[in-house]
Amino acid sequence: MRNLIYHISILAMISMILGCKSTTQPENVADVVPDYMAMGDSISKKTFEALSEALKAKIAAEGFPAAISYCNTEAKTLTDTYASGSITIKRTSLKPRNPSNEPDEMEKKILENYQSAKENGDTLTPFLKTYVSEYTHYFKPILLQPMCMGCHGDPQKDIATETLKAIKEKYPNDKATGYKTGDVRGLWHITFK
Ligand code: HEC
């Protein structure tokens, strides 16, 4: 009898240990930790679509110079379409058009890295970084497409005179021309708090 009780208590201990062990394991990590990479990809894609759809519609309806004025007043609002209390979205560049899109030190370094990766013919991929434990940062390069050239391309060849005039009026310190298709134009920086 004594032996049986002994065996039962050993069994109980083993099952307790096993039981405890299974509850200390993360139950389902994917349910608990948000997939910031997927979220960043989705937000940057949707924001890009919101911006370029609005721009295309404006260009088609009223032409390039009107689209410049539109960008001037609406770009920030459109960029913030998918922002919230816990998500901030920034577009920045080494050669910004709007001075309020100037990069900070960290963004500048990342832009320079993407720039040299591009020059070396490497593939540019988005990445995540955590600086302060509760903040996750998503970075993704913004590359130029043919539809961007009318406002960011060669001022002599790609940008019409009236468009250039409209740019100079709204952005006297504009640095965002002289690009070619495929160039690194800037950076998405999405912060998850
Ligand atoms: C109709 C002209 C026009 C077209 C076309 C255009 N942009 Fe711009 N872009 C602007 C203007 C104007 C701004 C400044 C917006 C602001 O005031 O925030 C700007 C700003 C930006 C910025 C933010 C950094 C900065 O320079 O201030 C990025 C990045 C950018 N454009 C990328 C693109 C890409 C990529 C395309 C093509 C898919 C494109 N743009 C097409 C006019 C244009």
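Entry 1. I looked up which element contributes most to the shell around the ligand: α4 does, with four residues. The model is a predicted one, and I read every entry below with that in mind.

Entry 2. I checked where the ligand is placed. The ligand occupies the largest pocket. Elements that supply two or more residues to its shell are α3 (36–62), α4 (64–79), β3 (136–143) and α6. I noted 21 residues around the ligand, with Cys 148, Cys 151, His 152, Tyr 171 and Arg 185 as the closest.

Entry 3. I turned to the iron. What does the protein donate to the iron atom of the ligand? I found a single donor, NE2 of His 152, at 2.1 Å. His 152 belongs to helix α6, which covers residues 149–152.

Entry 4. I went through side-chain N or O atoms facing oxygen atoms of the ligand. For Arg 185 I have 2.3 Å between such a side-chain atom and a ligand oxygen. For Tyr 171 the corresponding distance is 2.6 Å. For Asn 98 I noted 2.8 Å. Tyr 171 and Arg 185 were already on my list of closest residues.

Entry 5. I looked at Thr 163, in helix α7 (residues 161–170). Is Thr 163 buried or exposed? Its relative accessibility is 2%, and the cut-off for buried is under 20%, so I entered Thr 163 as buried. Leaving out residues up to four places away in sequence, I listed its contacts as Phe 64, Pro 65, Ile 68, Gly 150 and Cys 151. Of these, Cys 151 also appears among the residues closest to the ligand.

Definitions and conventions: Residues numbered from 1 in each chain as written. Predicted model: local features only at pLDDT ≥ 70, side-chain atom pairs only at ≥ 80, totals over all residues. Heavy atoms only, no water. Donors = N, O, S within 2.8 Å, 3.2 Å for Na, K, Ca; no water. Buried < 20%, exposed > 50% of the residue type's maximum accessible area, 1.4 Å probe, protein only. Contact = heavy atoms within 4.5 Å. Near = heavy atom within 4 Å. Polar contact = N/O pair within 3.5 Å; in protein donor to acceptor, adjacent residues only side chain to side chain. 1 Å grid on protein atoms, 1.4 Å probe; cavity = no way out; pocket = protein on both sides within 12 Å on 5 of 7 lines; lining within 4 Å. Sits in = over half its atoms within 2 Å of the grid points.
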